[in-house]
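Visitor: I would like to go through this model with you and ask, for each label, what it rests on.
Guide: Gladly; let us look at the sequence and the structure together.

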Amino acid sequence: MQRIYLSPPHMSPKDRELLLEAFDSNWIAPLGPHVDGLEDEFAEKLGVSHAVALSSGTAALHLALLVAGVGPGDVVITSTLTFAATANAIRYVGATPVFIDSERQSWNMDPELLEDELRVSAKLGRLPKAVLVVDVCGQCADWEPILSLCRQYGITVIEDAAEALGATYRGQQAGTLADIGCFSFNGNKIITTSGGGMLVTENSEWASQVRHLACQARDPALHYEHSQIGYNYRLSNLLAAVGRGQLTLLDERVAKRRANFDCYRNTLGELPGIEFMPEATFGQSTRWLSCLLLDPQVHSVSPSEVCAAMLAEEIELRPLWKPMHQQPVFIGCRVRNSGVADDLFQRGLCLPSGSNMSDSQLALVVDTLRSTLESGGCRHAA
Ligand SMILES: Cc1ncc(COP(=O)(O)O)c(C=O)c1O
């Protein structure tokens, strides 16, 4: 039996054709016409002035923090419900993360908790250098109140839209809502270059600094001259070629992931003790991952037990992100905890969500999950 993966790459013949064309052109270096093309097409698709292609979403976060002037001793406020890369990047620049819990309508950073934290930090004269907000699982955070608070305090805002390319907030594209936006093209994302990322901004100064830092901060000279520490973070021309093919299919990929979610909701939504991830009224989610919560009053099986049982049937599910404030590596960091992210982690499951899933694979996931939940100790009959 072929395993059904959580979010596998979905490649097209166009990607292959572009990759081979790049190979044959001998532009194998981390620069070349496909890198330029991908940057231009990405910027146009999102309606932003500058897009810089990078080797990963993590690299984009790292450079975003650097050009925002974050350094050792600074504080960066961020979302607790995320993948570790968000918080790791804060550590890369020597800063300290402060974690903010989620709200219920989007599972993203709670603006009220952010407001409390900013008020207290202002009083203590220790305002954060930046606020790094995540759009989790394909859905935007509630950006209006977040941005207006950060503007009020004059704080730079960075958007981690690694999981949300194609989502919108009040009609505006995810990743373009803050001062800098970061995307990932990792193999599990809605479009992929196998590994890769993109940083977008309206600030031309920051865009050129990012380009400079990503190329080992090489100063303009025939010999090798460096007046800053740089990084090797540019995207390969080969991978950019793949990205150009992928980008042309973004809208289709979003539509299919949303259709997967609708299928799960229509078939499993009537089961007792299941609650699907809400779609906030302020935007459209891509449903990058189809997520649901189990009610422990109804289901005695934990998300991890469900994952293990499903994996035995060759179906890959995952628990939701374990909040950063619960991670051993970030223990001791300050957190505004309302218990929402803890609850989501305790009860949350991510279902196979690939845009290349067939109807029969979806049906198999639904049937197997239904019987796993029923045999796993459904306490009340439906
Ligand atoms: C929220 C979030 N931020 C950052 C990243 C890092 O992206 P990359 O794997 O491209 O470095 C990921 C996923 O991989 C992510 O899910």
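**Labels and their grounds**

Guide: Ser-194 is placed in the loop between strand S8 (180–184) and strand S9 (197–201), and I should add at once that the model is a predicted one.

Visitor: Why is Ser-194 called exposed?
Guide: Its relative accessible area is 51%, and since the label exposed requires a value over 50%, Ser-194 is therefore classed as exposed.

Visitor: What makes the backbone of Ser-194 worth pointing out?
Guide: Ser-194 has a positive phi of about 80 degrees, although it is not a glycine. Most residues other than glycine have a negative phi.

Visitor: Which other residue, not a glycine, has a positive phi, of about 55 degrees?
Guide: That is Arg-287, with a positive phi of about 55 degrees, and its place is in the loop between strand S11 (283–284) and strand S12 (290–294).

Visitor: How do you know whether Arg-287 is buried or exposed?
Guide: The relative accessibility of Arg-287 is 4%, and because buried means under 20%, Arg-287 counts as buried.

Visitor: Let us turn to the ligand. How many residues surround the ligand, and which are the closest?
Guide: The ligand is surrounded by 16 residues, of which the closest are Thr-58, Asp-160, Glu-163, Ser-184 and Lys-189. Sorted by class, this shell holds five nonpolar, eight polar and three charged residues.

Visitor: What makes the approach of Ser-184 to the ligand a polar contact?
Guide: A polar side-chain atom of Ser-184 lies 2.7 Å from an oxygen atom of the ligand, and because a polar contact is a pair of N or O atoms within 3.5 Å, the pair qualifies. In the side chain of Lys-189, an N or O atom is 2.8 Å from an oxygen atom of the ligand, while for Gly-57 a backbone N or O atom lies 2.8 Å from a ligand oxygen; both pairs therefore meet the cut-off of 3.5 Å as well.

Visitor: How much of the ligand does the protein bury?
Guide: Taken alone, the ligand exposes 380 Å², and the protein buries 92% of that. The space that the ligand takes is the largest pocket.

Visitor: Which elements give two or more residues to the shell around the ligand?
Guide: Helix H3 (57–67) and helix H4 (84–92) do so, and H3 gives the most, with three residues.

Visitor: Why is Arg-211 called partly exposed?
Guide: Arg-211, which is found in helix H7 (residues 204–214), has a relative accessibility of 29%; because buried means under 20% and exposed over 50%, with partly exposed in between, Arg-211 counts as partly exposed. The C-alpha atom of Arg-211 is separated by 12 Å from that of Leu-66, and these residues are 145 residues apart along the chain.

Visitor: What makes Gly-243 count as buried?
Guide: Gly-243 lies in helix H8 (residues 237–247), and its 3% relative accessibility is set against the limit of under 20%, so Gly-243 counts as buried. From C-alpha to C-alpha, Gly-243 and Gly-195 are 10.0 Å apart in space, with their positions 48 residues apart in sequence.

Visitor: How do you know that the label buried applies to Pro-97?
Guide: Pro-97, in strand S3 (residues 96–100), has a relative accessible area of 0%, and because buried means under 20%, the label applies to Pro-97.

Visitor: And on what value does the label of Val-306 rest?
Guide: Val-306, which lies in helix H10 (residues 303–312), has 0% relative accessibility and therefore counts as buried. Val-306 and Arg-318 are 12 residues apart in sequence, and their C-alpha atoms are 8.9 Å apart in space.

Note on methods:
Residues are numbered from 1 along each chain as its sequence is written. This is a predicted model: local features need pLDDT of at least 70, side-chain atom pairs count only at pLDDT 80 or more; totals for chains, interfaces and linings use all residues. Side-chain values use heavy atoms; hydrogens and water are left out. A residue is near a molecule or strand if one of its heavy atoms lies within 4 Å of it. A polar contact is a pair of N or O atoms within 3.5 Å; within protein, one must be able to donate a hydrogen and the other to accept it, and residues adjacent in sequence count only if both atoms are side-chain atoms. Accessible areas come from the Shrake-Rupley method with a 1.4 Å probe; for residues, only the protein chains shown count as cover. On a 1 Å grid over the protein atoms alone, a cavity is a set of points where a 1.4 Å probe fits but cannot get out, and a pocket is an open set with protein on both sides within 12 Å along at least five of seven lines; lining residues have an atom within 4 Å of a point. A molecule sits in a cavity or pocket if more than half of its atoms lie within 2 Å of its grid points. Helices (H or I, at least four residues) and strands (E, at least two) are DSSP runs, numbered from the N terminus. Ala, Val, Leu, Ile, Met, Phe, Trp, Tyr, Cys and Pro count as nonpolar, Asp, Glu, Lys and Arg as charged, and the others, Gly among them, as polar. Buried means under 20% relative accessible area, exposed over 50%, partly exposed in between (1.4 Å probe, protein chains only).
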